[in-house]
Each structure stands twice: as structure tokens, then as C-alpha cells.
Amino acid sequence: MRSAARARGLYWLCHYAALALFVAFALFPLFWLLKVSITPNDLLYSEGVRLWPSHATIAHYVSVIQHTQFPLYFRNSVIVSATTALLSTLIAAAAGYGFSRFRFRGKLWILGVMLVTQMFPLVMIVAPIFRLLAPLGLTNSLSGLVLVYTAFNVPFASFLMQSFFDGIPKELEEAAMIDGATRFQALRWIILPLTLPGLAATAGFVFTGAWSELLFALMLNSSSQVSTFPVGLLSFVSKFSVDFGQMMAAGVLALIPVCAFFLLIQRHLVQGLTAGAVKG
Amino acid sequence: MAAISIRALRKSYGDVPVLRGIDLEIRDGEFVVLVGPSGCGKSTLLRLIAGLEEITSGEIRIGERVINQLPAKDRDLAMVFQSYALYPHMTVRENMSFSLKLRRMPAAQIDAAVAGASAKLGLQSLMERRPRALSGGQKQRVAMGRALVRDPKAFLFDEPLSNLDARLREQMRYEIRRLQRDLGTTSIYVTHDQIEAMTMADRIVAMNDGLAQQIGAPAELYDNPSNLFVAGFIGSPAINFLDAVLLEGPGGALVMVGSERLGTVPWPQGLPADRRVTVGLRPERIVMGPASAGAPAQIDLLEPMGLGTVIHLNLAGQILKLFTTDRLQEHCRGIVGLCVQSADILLFDPRSGLRLRAA
């Protein structure tokens, strides 16, 4: 009895130790980001490798906000990511519902083609996309980016949403229709509230994807007026030096919206991701 | 409330026929049970009536109106699902008032209707709970309540009791029947459980293979089955089927099981040329006496059930069951004589499965 309890205690101890180790491993780069961002430039190379600088400064933050175009990049990123998340989630929800609930001709083909789009590396199609967007005036514009991001996120997001809709028993809709609801009313009052976790998970997934996307943001938009923040980060790398302090400060600032967004949806998210995991 | 009339109804999924021509007239206020093994099409028939599936051909009327093309929401039927299908994000009260809200009923009327239905089902103390916080029996009641709040043309039940334990099932069986009697609402009830069918139905539709095998009152299906399927499906312990031959005898046909004489029956119509038949014998209609008094059979095993005893017997190499409420010695064995009334011997054509009736 006693030894069983001790064995169980030991089990949990190891359990938490393993988790703590993993969390430390995953979060250490973020810690380093924060540490470098508050280290004065003159201490960065002189102090060697230390966990915490001997004195801290917010000078990098001040200069990032006041003397660089970072606030503009930041704004651009928010616009692009939020719009992409919203559009992708709406389209994916509609598509996912259709795939989950209706049988129609060519369904298998559409699903197959959507899967194929996920298979090749994006680098291959940067040039054709540029050629397509340029005559339409969609290069050097935020709408162009939103369009491209949405197009590339919708297939996977649709699969994700479909698995959430699949998880909702069809009988709930049937019960609603027998109760006197149209298909749309059943969707609005029964299915939608139950899919919120799925919508949150999908929106979160798309948002972070768009937020950190570099390739298209760099290739399609050359004007700094429409650059997003990952592109902006590159501007801290000059030909002869890298301004690590400012770069890291900008990085920390860029984390804020993502963290805020996830904090907002996290309650739905845990539920949503696990539900999707079981089904998908 | 309304009568429901079904004519030449067919349903196929692609090339696979599920319903192969159903005709059924359900009177206003009648409690009809569709019973059959899984895959017989009974649930499909119910879903066609509900409007959840499209019919392939035929006609369904509710009252005077043909509703083939009418969407489910406009049919004004209420349905209780096997899984209950309660809306998980709504409280019991919201679950029950959802249909009334969709009809834009004034709030005061909704409250009154919900209060009335919840009182009938004893749900008052659960009104603010969500389905996840309810037991199986309570969910079942809420599903009933959701059907009761509005006054639908008919209730449809799709195996509503199959997720409950035996005792609760017995109680809900009684409650559903009593509610239906008090409300007088036309009801169609699907089950695979022949006891539910027997105890609840005004009329039973015994289904198999996409066809209604027999439609009638429970006692009629039990006493007077029209084919082997109905005879075998209805009744527990199940009916005995024995291979027999009819021989010329004084005053009719001698029913011979092997070399043993079971009884004399009037000559039936449509007898196969070789005079081979399948005999159906209800276990409780066989009387056991001393070996000399009837067809001699060897006792194989006793199954005491409390209410009575099922006796497994061997008659001329064929196995049969006998049910008796007599108290028997536990180690009763040996040879006994079996006697059967002529009227209790049901004859079937072994090839077509159809009942052979006296000329």
C-alpha cells in the first residue's frame, strides 16, 4: 500500500520533470530573445554568455518604436494576418460544412486536388504567382498578400473544419429541422455554437501562419510601405553588422499580438485541437 | 393529430433497395410499432415519414395532404431519436423551448407549454441543467419533453429506449404508452425489440427485407402469423419449428414428426406435392404428460425463469422448447408425452415460408 503510493508519487514526479524539461527547452529561445532585447549593446559581446545582463535597458524598444518603421510593419502585419484569418476561416467553415454534410458529384476530386496543393514547396510557385499578380496590381499591396495567404491556407483549414463538423452528430441538425428549423437556422443556432472551438483553432492556426510568413511577403512586396514585420526584421541586418538588440526588441513586440490572440481563444483551443485530433 | 397514409413507398440507395413497396394506413390517434431485425428498413421508413430522407417513389400523406416534397420543418411532426440528439449547449429549458421559439410563439405561451410538458415528465428540477449533467433516463425524458411541448400531428420514435437499462426501459415503455393514451396523438414507434412491440402497439408492422411481412394487432401476429419470419420473430421464448410430413388419417391430415404422431389437422390449401411442411408450435401451447399420453420426447435440459420453466426436449431427433408455469422437480428427466391442440399446430410451406391454412 505504502510502496504503491510512493511509486505513484515517483511516477508523477518524473512526469512533471519531463514536462518541465520540455517546456524549458521550448521556451528557452524566447527567453533568449527577451534577454538580448534588454541587454545594452556594449554588454552584448563583452559580458560573454550570461543568463541575465548585469544591467538592463529599454533603449532598444524606444528606438525600435521611435526611430524605425517597425510600427508601420506591425500595423501591416496585423491587417494582413487578421484579414487572412477571418477570410480563411469563413471560407474553410463553409467548405468544411459542405464536405462534411453533403454528397455531391466530384467531391472526391475536389478533396484530392486540395490535398495536392499542400504537397509542393511554395518556393516553386513564387515566380508564377508574381507574374500573375503583377498585371493585376496586386504586388506591392496588402490585398495581394491576403489573397495569396488565404488561397494557401484554405485547403488545410477546410480539412480542419471538416473534421470539426464531422464530430458534430448529424442527428442534432435533423432534430433541429424536425423542430422546425431551416438548414440555415439549424446551422446558426445548433451547429455554429458547437463549432466555436473549431473556428478558434482554425483562426489561430491561420493567423500565426500568416503572421510569420516571410517568403511571399518578401518577394511580392518590395516597397517598405507595405512590408510586414518579418520582412522588417531583415532590415536590422545590414551589410556589415546585425543590430541584435533592436531586432530582438522588435521580435518581442511582434510576439504580443500572437500571445494576446491565443490567450483570447485558448479556452476553446485546447478543446478544439483535441477534438480535431481524435477525429482527424 | 392526423392519420398517416403510405402508398407503394419505395426507397433505394443507388442500386440497393431498402424499402420495396410499403403500404400502410395509420389511423388518427393510433400507436403503430415498426418492428424487425436491423437492416429491415424500419428506421428508413420512419425517416422518410419525418422528411429526413427523400423517397424514391410512392406517396406519403399526413391527413389529406401529400407531403412527399415537403421539407421536414414544415411537416409538423415530433421525433425522439435513439441518441436523444439533445442540443448540448442548451439547458433543458432551452432544449424544450427551441421549437416554439422558431415558431415565434410569445414568451408567456412558451413558458406555459414548457412548464406543462416538464410537469408531465417530472423534469421541473432539471430545467436549468445541460444535457451532459443528465443521466440516460433523464435525457430520454427531456427528448420526450421536446416532442411534447408542441402539439404535433404525430410522434415518431426511433428506438428511443435502446440505450436504457432493462428496468428503466420497462418503466419508460409504460410511461410512453400512458402519455400517448392521454394525449391521443398518432404515434409511430420503431424498435427491434419484439417485446416493446407487443406491449406498446395498437398495431404492429413486422418488417423484413424492405417489406411489411404482416400488419395487425399484437395478438393477431402472435396467434396467427402469416409466414415463418413473423412466427419466428414475435414471441419469447421463440416458437418451435419442426420438419414434418402430412399423412392421410381418419378425419384429416396426420402431422408426423419423424415416426411420431403430433396430432391431426384439417388438410391445408396449397400443400407442396411431397407433403413436407414446417410446423410452428408455441412453447406454452404444448402440454407435457406421461410418456404414454402423447408423442414421446426426451427431456434434455431445464431452464428455470422464475415465472415458469423452459424445458428443452428432443422429439424424434428434433429439438424443441416447451414453456410451463408448473413447478418441476429440478432433476426431471426421462421420456414424457407431448400433446398439442389441433388449432395450435401452425403449418408453413418450408420453401416459400408462407403459412398453409385450412381449406
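Analyst: A residue is called buried if 20 or more other C-beta atoms lie within 10 Å of its own, exposed if 12 or fewer, and partly exposed in between. With that in hand, let's look at this predicted model.

User: Why is A:Asn140 called partly exposed?

Analyst: Around A:Asn140 there are 16 other C-beta atoms within 10 Å. That count falls between the limits of 12 and 20, so the residue is partly exposed. You will find A:Asn140 in the loop between helix 6 (123-133) and helix 7 (142-166) of chain A. Its phi is positive, about 55°, although A:Asn140 is not a glycine.

User: And what makes B:Arg275 partly exposed?

Analyst: B:Arg275 has 14 C-beta neighbours inside 10 Å. Since partly exposed covers counts between 12 and 20, B:Arg275 belongs there. This residue sits in the loop of chain B between strand 13 (260-265) and strand 14 (276-281). B:Arg275 is not a glycine, and its phi is positive, near 60°.

User: Is A:Phe184 buried or exposed, and how do you know?

Analyst: A:Phe184 is exposed: 8 other C-beta atoms lie within 10 Å, and the limit for exposed is 12 or fewer. The residue belongs to helix 9 of chain A. Its C-alpha atom is 40 Å from that of A:Arg131, and the two are 53 residues apart along the chain.

User: How do you know that helix 9 of chain A falls short of a straight helix?

Analyst: Set its span against the expected one. Helix 9 of chain A has 29 residues, and at 1.5 Å a residue a straight helix would reach 42 Å. The end C-alpha atoms are only 35 Å apart, short of that value.

User: Where does helix 9 of chain A bend?

Analyst: The bend is at A:Leu192 and comes to about 55°. A proline, A:Pro193, follows within four residues. The angle is taken between axes fitted to the seven residues ending at the bend and the seven starting there.

User: What makes chain A more spread out than a compact globule?

Analyst: Chain A has 12 helices and 0 strands. Its radius of gyration is 24 Å, well over the 19 Å that the globule rule gives for 280 residues, so chain A is more spread out than a compact globule. Along the principal axes, its C-alpha atoms fill a box of roughly 75 × 75 × 35 Å. Buried residues make up 32% of the 280 residues.

User: Which elements of chain A give two or more residues to the side that touches chain B?

Analyst: The contact takes 15 residues from chain A and 17 residues from chain B. On the chain A side, the elements giving two or more residues are helix 8 (170-178) and helix 9 (183-211). Helix 8 gives the most, with 6 residues. By type, the chain A side divides into 9 nonpolar, 3 polar and 3 charged residues.

User: Over in chain B, why is helix 1 called largely enclosed by the rest of the structure?

Analyst: Helix 1 of chain B (residues 42-50) has 9 residues, and 8 of them are buried, so this helix is largely enclosed by the rest of the structure. Among the buried ones are B:Lys42, B:Thr44 and B:Ile49. After the helix comes B:Gly51, with a positive phi near 90°.

User: How do you know whether B:Ser43 is buried or exposed?

Analyst: B:Ser43 has 20 C-beta neighbours inside 10 Å. Buried requires 20 or more, so B:Ser43 meets the cut-off and counts as buried. This serine is part of helix 1 of chain B. Leaving aside residues up to four places away in sequence, B:Ser43 touches B:Asp158 and B:Val190. The C-alpha atoms of B:Ser43 and B:Asp158 are 6.7 Å apart, with their positions 115 residues apart in sequence.

User: What is the cis peptide bond in chain B, and what is its omega?

Analyst: The cis bond joins B:Ser236 and B:Pro237, with omega about 0°. B:Pro237 lies in the loop between helix 8 (228-233) and strand 11 (240-249) of chain B.

User: How is chain B divided into domains?

Analyst: Domain 1 runs over 4-225 and domain 2 over 240-356. Their C-alpha centres lie 39 Å apart. Chain B has 8 helices and 21 strands, and 40% of its 359 residues count as buried.

Notes
Residues are numbered from 1 along each chain as its sequence is written. Chains are lettered from A and ligands numbered from 1 in the order in which they are written. This is a predicted model: local features need pLDDT of at least 70, side-chain atom pairs count only at pLDDT 80 or more; totals for chains, interfaces and linings use all residues. The radius of gyration is taken over C-alpha atoms; the globule rule is 2.2 Å times the number of residues to the power 0.38. Domain bounds come from an automatic or database domain assignment. Two residues are in contact if their C-beta atoms, placed from the backbone, lie within 7 Å. Ala, Val, Leu, Ile, Met, Phe, Trp, Tyr, Cys and Pro count as nonpolar, Asp, Glu, Lys and Arg as charged, and the others, Gly among them, as polar. The expected span of a helix is 1.5 Å times one less than its number of residues.
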